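Trainee: Please walk me slowly through the inside of this model. I would like a close look at any empty space and at what surrounds it.

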Amino acid sequence: MKNKLTLPSLPDLLPVVNFQDVFDPEDPYIEQVEIADCSISINDSRLIEFKNVRFTRVQFNPLTFDRAYFQNVEFNACELINVQLTESTLKQVSFRTCRLNGLLISDSSLMNVSFNDCMMHLSSFGYSKLNSVLFDQCKLLETDYLECTFKNAHFENCDLNGASFSQTSLKGIDISTCEFESLRVSLSDVQGAVVSQSQALGFLDLLNLTVKDSN
């Protein structure tokens, strides 16, 4: 990456706790712990804050985080299938080998966030701001980036087939190492993107051009 991300920095050993023992809906603030090998359900997840937290092999049952705040947080081998984060903030957050199918992050701010080797089919980032975000070796089939703002965002060796970038500029975004048969993107959105030669030929359809052999 041209500009490095500031990734989470956590000690190897953190006190391992049970989520229900540390979660207080009256004071939803959790820090300096590791939560591992459990399933999480929350009736009221508004305004919850996680700082300096590691989640390991945690399954988040389908729920909505409203105006949540995550800072210096690691998710390792976790499941957040059909989880929703609305108007939330993620700073220095990493997802490694996680299942994030159907994850909805809307109207949110992501800064220094990395997704590594994650399954993310049908995930959505609608109306969010992605600043210094990396998708590395992720399955991003039919992901939706509706009206997103990208700054220093990177897609490396991802499967982007069927992804939608409606009303999202890809100017300066390098997708040349990614695979896809089709993208849902307009000509104006794709202008300035960095693509491979074979990908560029595929985008000729957007120009409604016919390539004629000189011979």
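Mentor: We will begin with the empty space and then work outward to its surroundings. This is a predicted model, in which local features need pLDDT of at least 70 and side-chain atom pairs pLDDT 80 or more, while totals for chains, interfaces and linings use all residues. Residues are numbered from 1 along each chain as its sequence is written, and side-chain values use heavy atoms, without hydrogens or water.

The structure holds one cavity of 30 Å³ or more (a set of points on a 1 Å grid over the protein atoms alone where a 1.4 Å probe fits but cannot get out). Its space is about 50 Å³, counted as the space filled by probe spheres set on points joined across faces, edges and corners.

Now look at the walls. The lining residues (an atom within 4 Å of a point) are F65, F70, F75, L80, L85, L90, F95, L103 and I105. Nine of the lining residues are nonpolar, with no polar and no charged ones (Ala, Val, Leu, Ile, Met, Phe, Trp, Tyr, Cys and Pro count as nonpolar, Asp, Glu, Lys and Arg as charged, the others as polar). Strands β5 and β7 each give two or more residues to this lining (strands are DSSP runs of E, at least two residues, numbered from the N terminus).

Next, see how these two strands sit. Strand β5, residues 69-76, runs parallel to β7, residues 89-96, and seven bridges join them (two strands pair if DSSP finds at least two bridges). N76 has R96 in β7 as its bridge partner. Strand β7 also pairs in the parallel sense with β9, residues 109-116, over seven bridges, and the lining residue L90 stands opposite L110 in β9.

Step back, and β5 and β7 turn out to belong to an open, parallel sheet of eight strands, ordered β1-β2-β3-β5-β7-β9-β10-β11. Its edge strands are β1 (16-17) and β11 (149-156), each paired on one side only.

F75 leads us from the cavity lining to the largest nonpolar core, where F75 is among the residues with the most contacts inside it, along with F55, F115, F135 and F155. This core has 59 residues (buried Ala, Val, Leu, Ile, Met, Phe, Trp, Tyr and Cys joined through side-chain atoms within 4.5 Å; buried means under 20% relative accessible area with a 1.4 Å probe, protein chains only). Its largest share, five residues, comes from β3.

Notes:
Helices (H or I, at least four residues) and strands (E, at least two) are DSSP runs, numbered from the N terminus. On a 1 Å grid over the protein atoms alone, a cavity is a set of points where a 1.4 Å probe fits but cannot get out, and a pocket is an open set with protein on both sides within 12 Å along at least five of seven lines; lining residues have an atom within 4 Å of a point. Buried means under 20% relative accessible area, exposed over 50%, partly exposed in between (1.4 Å probe, protein chains only).
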